[in-house]
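Reader: Hi! Could you walk me through a few helix contacts and a cavity in this one?
Author: Happy to, have a look here.

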Amino acid sequence: MSRSRPPVDPQVRAVLEAARGSLSRRTLLGGGAAALAAGLAACAPPTPPTSTGGAAAPTLPTDVSSTEKIVRWANWTAYLDYDDKTKTYPTLEAFKKKYGINATYSEDIEDNDSYFNKIAPQLRADPPQDIDRDVFVFTDWMANRIVREQLVQPLELIRMPNASNLLDTLKDVSFDPGRTHSLTWQSGFAGIGYHKKKVGRELKSLDDLWADDLKGKIVVLSEFRDTLGLVMQRQGVDPSGQFTKAQFETALDEINKRISDGNIRRVKGNSYLEDLKSGNAIAGIVWSGDLFVLRSETEDDDWDFVIPESGGTLWSDNMMIPITSTHRRNAMTLMNYYYDPAVAAQVAAYVNYVCPVVGAQKEMEKLDKDLAESPLIFPSADWIKKNNIKVFRALSPTEDADYSAEWAKVVGN
């Protein structure tokens with residue numbers, strides 16, 4: 001289905017142009033110009049177990065967007081363009097100016113489980129209780145759970161013309177066919193991040209992380225699909241395939257051993273960045289864009305990100321509107337705004353994650369031609385295949401509960 005994209009609003013472009021000069025720029029790993037749609041098609045999200053049906057549609061709260069010009073957004077750390085000088089988010093400031101909506105932005109999310117467990121009692125209450133947020137962002141596997149439980153509101157796509165700019169490969173994800181309840185925020189990779197000078201050599205594999213001289217200086221992600229996904233690949237297991245419980249537990253044993261032996265300092269969510277900033281850790285299993293934000297914030301070009309020789313994982317995060325929001329149309333206005341290709345390119349230039357918006361690569365060429373050619377923002381199918389990038393398969397509810405419990409025992413959550 002082909003649609004022509006709407007022109008960039010002149011006011012939005014003007015504000016963004018004014019902000020560009022103050023934003024941090026960072027140099028990425030090399031790579032050629034790429035077709036992102038083809039890349040993601042080669043690594044499409046897995047089909048989750050069939051959702052349970054039959055539940056009545058929830059009653060939506062009265063929307064007061066026309067009288068309360070506010071929208072409250074919960075997101076992850078280092079996940080939106082930020083100006084260190086003004087201490088503001090330039091694209092968000094442009095949104096406020098254009099629409100007259102007071103948008104507040106909170107880095108609430110440490111990882112999927114901890115944030116969802118915090119707000120779930122309010123979302124599941126009868127009646128639901130306000131969580132003071134109008135947009136939140138969750139990874140595919142958690143988005144599947146949230147949509148299945150009807151804890152989010154439907155989108156009025158007719159009021160969101162920019163939503164048609166979503167990459168075709170992401171329009172019909174199995175947990176939300178037709179994207180009636182979610183839009184991709186960003187996608188990204190899990191791999192190895194490290195400080196080249198402090199480590200003193202290149203790190204190319206997971207085995208390199210477990211070197212004796214790095215003991216106690218390694219952090220790994222609390223999202224087991226990323227950490228164990230990489231370990232499974234090192235052990236010759238495809239995390240996107242029908243792996244067994246025994247294979248999962250073998251990967252879990254490896255992390256348990258590395259914690260017991262003192263190789264791993266911490267197992268953390270987004271706050272692992274603080275360990276890297278402080279110098280308490282100098283390498284780890286990390287998310288791709290974070291290392292480039294870290295490089296920019298610390299003005300230290302020695303921070304590097306690589307896909308392990310055995311392969312990396314790919315994930316996507318999704319914007320959704322919680323069932324408790326009374327500012328649904330303001331939230332949809334925000335989501336639609338970030339699907340303007342010029343705005344999406346501005347965000348991608350800062351966060352360095354995989355951009356899901358058609359037209360953003362062309363806009364990126366106006367900002368930074370090197371970034372427009374980066375496979376970490378616009379990956380090709382060949383690059384995905386060459387680097388053995390996999391999406392951790394969707395788990396059944398029983399598997400999800402069992403594996404999450406086993407992981408929690410090992411990492412102490």
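Author: Let's start with α14 and α15, whose crossing is right-handed. Right-handed here means that the near helix is turned clockwise from the far one, by less than a right angle. Please note that this is a predicted model, where local features need pLDDT of at least 70 and side-chain atom pairs count only at pLDDT 80 or more, while totals for chains, interfaces and linings use all residues. Residues are numbered from 1 along each chain as its sequence is written, and side-chain values use heavy atoms, with hydrogens and water left out.

Reader: Thanks! Which residues make the contact of α14 with α15?
Author: From α14 there are P341, A342, A344, A345, Q346, A348 and A349, and α15 brings A360, E363, M364 and L367. Contact means heavy atoms within 4.5 Å. By type, the residues of this contact are nine nonpolar, one polar and one charged. Ala, Val, Leu, Ile, Met, Phe, Trp, Tyr, Cys and Pro count as nonpolar, Asp, Glu, Lys and Arg as charged, and the others, Gly among them, as polar.

Reader: And at what angle do α14 and α15 pack?
Author: About 60°, with the axes 8 Å apart; α15 covers residues 360–367. That makes α14 oblique to α15. Axes are lines fitted to C-alpha atoms, for helices over the stretch in contact, and angles run from 0 to 180 degrees between N-to-C directions. Under 35 degrees counts as roughly parallel, over 145 as roughly antiparallel, 65 to 115 as roughly perpendicular and the rest as oblique. Helices (H or I, at least four residues) and strands (E, at least two) are DSSP runs, numbered from the N terminus.

Reader: Cool. Switching topic: how many cavities of 30 Å³ or more does a search of the whole structure find?
Author: Two. The second largest cavity holds about 40 Å³ of space. A cavity is a set of points on a 1 Å grid over the protein atoms alone where a 1.4 Å probe fits but cannot get out, and lining residues have an atom within 4 Å of a point. Grid points are joined across faces, edges and corners, and the volume is the space filled by probe spheres set on the points.

Reader: What lines the second largest cavity?
Author: The lining is T184, W185, Q186, Y338, Y339, A344, V347, P356 and V357. Those residues divide into seven nonpolar, two polar and no charged. β4 (183–195) and α14 (341–351) each supply at least two of them, and β4 gives the most, with three residues. A344 of that lining also belongs to the α14 side of the contact with α15.

Reader: Nice link. Anything odd in the backbone?
Author: Try the loop between α4 (112–124) and β3 (135–139), where P127 is found. A cis peptide bond joins D126 and P127, with omega about 0°. D132 lies in that loop between α4 and β3 as well, and its phi is near 65°, a positive value in a residue other than glycine.

Reader: Which way does α4 run relative to α5, parallel or antiparallel?
Author: The axes of α4 and α5 (residues 140–148) come within 10 Å and cross at roughly 20°. That makes α4 roughly parallel to α5. N112, D113 and F116 of α4 meet W141, M142, R145 and I146 of α5, a set of four nonpolar, one polar and two charged residues.

Conventions
On a 1 Å grid over the protein atoms alone, a cavity is a set of points where a 1.4 Å probe fits but cannot get out, and a pocket is an open set with protein on both sides within 12 Å along at least five of seven lines; lining residues have an atom within 4 Å of a point.
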